Amino acid sequence: MKTTIVSISAKNVHKQLSAWCLKAFADEQGFNVSIVEASINENMHDIIEKIFNERADIIAFSCYIWNIELIKKIAPLVKKLMSHVSIVLGGPEVVYDDEKNYCFADEIIRGGEIEFCKYLGKHKACKNAEDSTSSAMNAIGSTQCKNVFKSFPSPFTSDYFESFKKNQISDISKQLIYVETSRGCPFSCSYCMSSVTHGVEYLPIERVRSDIELLVQHGAKIIKFVDRTFNANSKRAAKILEFIFSLDTDATFHFEVAADLFDDELFSIIEKMPIERVQFEIGIQSLNEKTLKEISRVTDIKKVLKNIKKLCSFKNCHVHVDLIAGMPHETMESFSIGINECIKTNANMLQLGFLKMLKGTTIRENNFGAIYSDTAPYEVIQTNSMSYFDITTLKKIEKTIEKYHNSGMFKNSINYGFSLFSSPYAFFKAFSGAGGDKNATLKNAYTSLLKFLKSHGDEKKAKHFTKLDCLTHDPRAPMPDEVEQKRDKQLEIKLREKFEKNANYRVEYFDFDNKNRLFDYSKKDKITGEFCVTTLD
């Protein structure tokens, strides 16, 4: 009996972990399991062909908000094409839903590795009635199968590493690699899937170290921990970070953390990290106390903001903060305060998300009057305190922040823009309404921002900061046509003779302050993406 797990990711550079966890556990129980990997961007019939070529008896789909609509198209066709197969669904997108919505499925598995293998065991027994006490069935009933998460086998098997070649991605460094060291979350935020479970289970530290070591040895460059709150156990987090610090690697490790749970020990470890060794995603979500209480989110906002500023002051790690629009009691006024406070932390990125009413979550069961899409990802488009117009306004602001703030390529210009308005939020709202286009080319983006700054401020300052941003981030300087370039090539030659003959220098004269600036394109800040700039006497 052969089982094929179909793992469809959001992007082809994302390698889903869940299928490999299921396979590793099933392999240990003696089942024959293969994996078909694809992305939602692939042609549907190409994915079906991959599945068909496996010649499996059971086809299991791992279902999430990003792939469920595609699976609803693929799975029924697979059933028609291969009527003998059993279609099995599992994952957060189906376990809390009515089975009637998936009439093409033979089974919906509610649970992880153990429940998956129990199903395989029962299916094998039915197929082989004369051998209902097969070795696989005995294994399922053994104490080994009943072990908790900490005893589960590593998903990083030889098959896992071979799959990169199988999928024509021979270089693991091109993929975002996920690692799981804990399951569950100590918090009960009503909008999160983690709120439906209780408690946290951890893998042994030695197992975590061996998994990381193995991935680094195979050339992984971006390793993301899927732990819901990595630093929920501060002492344990410190041990893992100390190990990561000790590694001889240029890999980057990404963590989702709670900023108010950082302590002096964690800060001291992070501060000494090599540049780009770690990066942190911090879900602030809301600064509205009434909202936080309603969604059962326990957090110390003052400490959160203070600790983010401290992390950013180290200048060795990328810091990403999140806010979610559409929460209960959140208004445009309260959300604008959140945007302003996040900008003040100096975090490298501010992501504005929009509330998704996920199946199984408390917030969906106790709907506070929100209007949201009936199909995945169930995004809110209106609430009792935010109109549809408010949400669409924030959508435009989100695109502007993504293009002009998160890229880091317009820092001087938008800081000048902030000075022209009452707050960063007011600037982004005004600029987004004036046509801050997320899809504009870099030159057009600079041109659009310059035009906006000139209309609200001083023309000379606007041109000065635009020119400074252009040259700080790109030696080819895609400047707006109206910004005059005054490159001093003679001085560049003299500087090369004095310092480095092969150095990539550019000297540019700035009319605003009557000064030359030296741009050294051999020295780039890995966190901000800025090249070294020196103002010359």
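Helix 17 (residues 442-456) and helix 18 (residues 459-473) have axes that come within 8 Å and cross at roughly 155 degrees. This is a predicted model, so keep that in mind as you look around. Angles over 145 degrees count as roughly antiparallel, and helix 17 and helix 18 are therefore roughly antiparallel to each other. As for handedness, helix 17 passes helix 18 in a right-handed crossing.

Who does the touching? On the helix 17 side, the contact is made by Y446, L450, L453 and K454. Helix 18 brings E459, A462, K463, T466, D469 and C470 to the contact. Sorted by class, that's a mix of five nonpolar, one polar and four charged residues.

Now for some backbone oddities. Two residues other than glycine have a positive phi, and here's how they line up:

| Residue | Phi | Location | Relative accessibility |
|---|---|---|---|
| Q285 | near 70 degrees | strand 12 (residues 278-285) | 10% |
| N514 | near 55 degrees | loop between strand 17 (505-510) and strand 18 (515-524) | 55% |

Are these two buried or exposed? Q285 sits at 10% relative accessibility, so Q285 counts as buried. N514, at 55%, counts as exposed.

Another spot to check out is the peptide bond joining A376 and P377: this one is cis, with omega at about 15 degrees. Where does P377 lie? You'll find P377 in the loop between strand 15 (371-372) and strand 16 (380-382).

Conventions
Residues numbered from 1 in each chain as written. Predicted model: local features only at pLDDT ≥ 70, side-chain atom pairs only at ≥ 80, totals over all residues. Heavy atoms only, no water. Axes fitted to C-alpha atoms, helices over the stretch in contact; angles between N-to-C directions. Helix = DSSP H or I, 4+ residues; strand = E, 2+ residues; numbered from the N terminus. Parallel < 35°, antiparallel > 145°, perpendicular 65-115°, else oblique. Left-handed = near helix turned anticlockwise from the far one by under 90°. Contact = heavy atoms within 4.5 Å. Nonpolar A, V, L, I, M, F, W, Y, C, P; charged D, E, K, R; others polar. Buried < 20%, exposed > 50% of the residue type's maximum accessible area, 1.4 Å probe, protein only.
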